[in-house]
There are 2 protein chains.
Amino acid sequence: MAQRPTMHDVAAAAGVSQAVVSLVLSGSSAGRASETTAQRVRDAAAELGYRTNLQAKSLKTGVTEIIGLVGDEVATSPFSGMMIKGAQDRAWQDQHTLMTVDTGGDDGLERAAIDTMLSHRVRGIIYTAMYHRELTVPAAALDTRVVCLNARDVDGRAPSVIPDEVTGGYEATRALLDAGHTRIGMINIHTSLPAATGRLEGYERALSEAGISRDPELIRPGDGTHRSGVRAIGDLLDLPSPPTAVFCGNDRTALGAYQALSARGLEVPGDISIVGFDDQDVLRDFFQPALTTVQLPFTEMGDRAAALALDAAAPAEVHLVHCPVIHRRSVGPPKGR
Amino acid sequence: MAQRPTMHDVAAAAGVSQAVVSLVLSGSSAGRASETTAQRVRDAAAELGYRTNLQAKSLKTGVTEIIGLVGDEVATSPFSGMMIKGAQDRAWQDQHTLMTVDTGGDDGLERAAIDTMLSHRVRGIIYTAMYHRELTVPAAALDTRVVCLNARDVDGRAPSVIPDEVTGGYEATRALLDAGHTRIGMINIHTSLPAATGRLEGYERALSEAGISRDPELIRPGDGTHRSGVRAIGDLLDLPSPPTAVFCGNDRTALGAYQALSARGLEVPGDISIVGFDDQDVLRDFFQPALTTVQLPFTEMGDRAAALALDAAAPAEVHLVHCPVIHRRSVGPPKGR
């Protein structure tokens with residue numbers, strides 16, 4: 001085996017001094033060596049297989065490169081854990097450590113977090129939203145590889161990984177159509193959210209494909225709370241021709257619907273079928289019978305975002321991740337069939 | 001204003017070469033300069049007010065020092081968010097960025113996370129447990145300042161910040177005694193946990209202080225689940241002389257108790273008073289009437305841990321953080337009074 005190359009070898013191959021090699025490979029040559037020289041040094045180092053002390057140490061001690069994850073309120077959201085887990089597992093499989101900063105929406109902290117990550121030469125930054133939305137990536141973050149997670153970069157400068165809300169809403173509604181329902185209500189969540197517009201679009205597409213004409217009375221507004229589920233299901237049941245099935249815009253709304261139905265002496269799915277959205281872990285036990293719902297694929301989204309953070313060549317595209325229907329016990333045939 | 005000191009000035013003052021100054025101040029002098037020399041360089045730099053490029057850059061760009069937080073399953077636990085938030089806010093107030101790694105219990109990842117944090121010269125590491133327990137701090141972490149959060153270091157080498165379970169259990173029971181109850185049951189959680197032994201100890205101390213003799217029949221085992229609350233409250237009600245109040249070892253158990261009471265047509269607090277423990281956010285809405293419970297002070301614990309990580313002089317003591325009773329509507333006078 002050839003002897004390990006030294007800094008001297010790299011300097012000789014690149015035609016520069018050892019001091020310049022040291023500056024370039026430690027990343028502190030800005031303003032002190034031209035980019036041409038710096039590139040020549042990096043090429044020579046790569047060709048010779050020269051490793052800096054840090055890289056050599058990495059193999060010996062387990063020191064890894066870092067992927068940064070910056071989130072607005074990531075750590076305190078019930079969903080964020082799965083995104084972090086997915087990104088962490090992918091990073092670790094590729095021998096990187098994921099380090100998370102929860103900014104709590106503080107702009108100064110966000111800037112410091114990004115600057116600090118950049119100064120520590122993170123491999124990339126995953127910029128993460130607590131709930132699916134559109135956002136602008138901070139300019140500083142664009143100095144490294146940046147990926148938006150659960151968020152779409154409005155300027156299209158970074159790859160974005162978001163749940164496929166439309167297909168989720170479509171398949172939720174399909175599950176009710178497949179069970180034989182033709183009069184299907186929907187209780188939406190805050191209409192300013194991509195989740196709300198996407199899920200509604202999927203609902204309408206499924207009905208349209210099935211040749212069912214749109215009835216605006218069956219589409220009820222809501223705000224994603226338990227309370228709005230109680231109120232909206234009441235409104236639907238009081239219609240002259242009430243629905244036999246309801247697609248609820250999230251699980252919390254569905255739980256309100258369950259409780260209001262129970263208070264009226266109606267059974268799920270015997271009297272009315274219900275499908276939710278989110279498959280929210282902490283609510284799962286409270287549904288009797290278990291709720292058929294659509295899963296937000298947070299773990300897979302985190303995995304995809306970390307993979308994109310490691311792939312410098314990936315274009316700034318929007319990656320939609322499929323939201324599968326989880327079939328449980330809240331969907332049955334329409335009453336009387 | 002005096003001209004800014006240069007590395008040359010530090011070298012001259014310390015009587016060493018600029019290369020030695022660079023090695024020492026970049027932290028890479030180990031084995032290449034004696035500790036005496038290194039200290040002389042650091043003293044000269046401090047005296048002259050010399051700043052390394054990184055430090056100078058920090059003031060200009062907002063780059064901060066890092067406190068690392070390593071957790072077993074921190075990001076996916078419902079409680080962890082508040083610990084991270086508390087530590088984050090304290091770190092940020094002191095111009096540090098908290099970076100979190102969730103190891104998911106993977107020893108290799110934990111080691112890589114600690115090694116990577118050390119190689120990036122974090123100011124300290126907060127070693128965090130998802131649920132309150134005893135643990136051994138990994139040897140590598142002891143190379144920097146390490147603080148245990150929600151965990152007690154069994155070897156006593158690091159400061160530990162844990163909830164004061166005993167006082168919490170004492171005050172929960174006191175709330176029932178103060179309302180006039182003398183026959184008070186307890187449904188415990190997994191007895192292997194410090195939370196279980198501490199809360200039970202507090203319960204027994206409060207009864208003993210009130211001159212009420214211990215009745216083992218009133219202390220029921222459980223495992224912290226909703227289901228065990230249902231079962232244990234049933235057992236207590238079936239006693240020849242049932243309790244008029246029950247201290248539940250956690251909120252989940254209390255929710256089971258509520259539902260079992262409701263199924264028997266009994267009311268809280270009219271027929272029986274209930275106190276919980278944890279003040280778990282996601283369960284709060286499901287209690288009708290609102291549950292009087294004991295708060296786990298996670299935010300304050302996180303704050304204390306970060307402050308300790310920044311205080312190199314703090315001894316390796318156990319810091320108990322008070323768990324306050326949150327008075328809501330589930331405690332009333334004993335029936336018939």
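Contact here means heavy atoms within 4.5 Å. Helices (H or I, at least four residues) and strands (E, at least two) are DSSP runs, numbered from the N terminus. This is a predicted model, in which local features need pLDDT of at least 70 and side-chain atom pairs count only at pLDDT 80 or more, while totals for chains, interfaces and linings use all residues. Residues are numbered from 1 along each chain as its sequence is written, chains are lettered from A and ligands numbered from 1 in the order in which they are written, and side-chain values use heavy atoms, with hydrogens and water left out.

**Exercise 1. Find the order of the strands in the open sheet of four strands in chain A, then look at its edges.**

Step 1. Start with pairing: two strands pair if DSSP finds at least two bridges between them.

Step 2. Going across the open sheet of chain A, you meet S7, S6, S8 and S9 in that order, with parallel pairing. Strand S7 (219-220) and strand S9 (273-275) of chain A each have a single partner strand, so one side of each is left without a neighbour in the sheet.

Step 3. Now go to the pair S6 (residues 184-187) and S8 (residues 245-248) of chain A, which is parallel and has four bridges. Here Ile187(A) stands opposite Cys248(A).

Step 4. Add a helix: H9 (residues 226-237) of chain A packs on the sheet and touches S6, S7, S8 and S9 of chain A. Axes are lines fitted to C-alpha atoms, for helices over the stretch in contact, and angles run from 0 to 180 degrees between N-to-C directions. The direction of H9(A) makes about 150 degrees with that of S6(A).

**Exercise 2. Work out which helices lie on the sheet of chain B.**

Step 1. In chain B, the open sheet of four strands has the order S7-S6-S8-S9, with parallel pairing. Its edge strands, S7 (219-220) and S9 (273-275) of chain B, pair on one side only.

Step 2. S6 (residues 184-187) and S7 of chain B are joined in the parallel sense by two bridges, and Ile187(B) has Arg220(B) as its bridge partner in S7(B).

Step 3. Helix H9 (residues 226-237) of chain B lies across S6, S7, S8 (245-248) and S9 of chain B, at about 150 degrees to S6(B). Helix H10 (residues 251-263) of chain B touches S6, S8 and S9 of chain B, and its direction makes about 160 degrees with that of S9(B).

**Exercise 3. Describe how H5 and H11 of chain A cross.**

Step 1. The axes of H5 (residues 80-93) and H11 (residues 298-309) of chain A come within 6 Å and cross at roughly 40 degrees.

Step 2. Angles under 35 degrees count as roughly parallel, over 145 as roughly antiparallel, 65 to 115 as roughly perpendicular and the rest as oblique. H5(A) and H11(A) are therefore oblique to each other.

Step 3. Look at who meets whom: residues of H5(A), including Met82(A) and Arg90(A), meet residues of H11(A), including Phe298(A) and Asp303(A). The residues of this contact of H5(A) with H11(A) divide into seven nonpolar, three polar and two charged (Ala, Val, Leu, Ile, Met, Phe, Trp, Tyr, Cys and Pro count as nonpolar, Asp, Glu, Lys and Arg as charged, and the others, Gly among them, as polar).

**Exercise 4. Relate chain B to chain A.**

Step 1. Copies are superposed by least squares on the C-alpha atoms of residues with pLDDT of at least 70 in both.

Step 2. A turn of 180 degrees and a shift of 0.1 Å along the axis lay chain B on chain A with an RMSD of 0.2 Å. That is the relation of a two-fold axis.

Step 3. Finish with the surface: 98% of the contact residues of chain B recur in chain A, so the same surface serves both copies.
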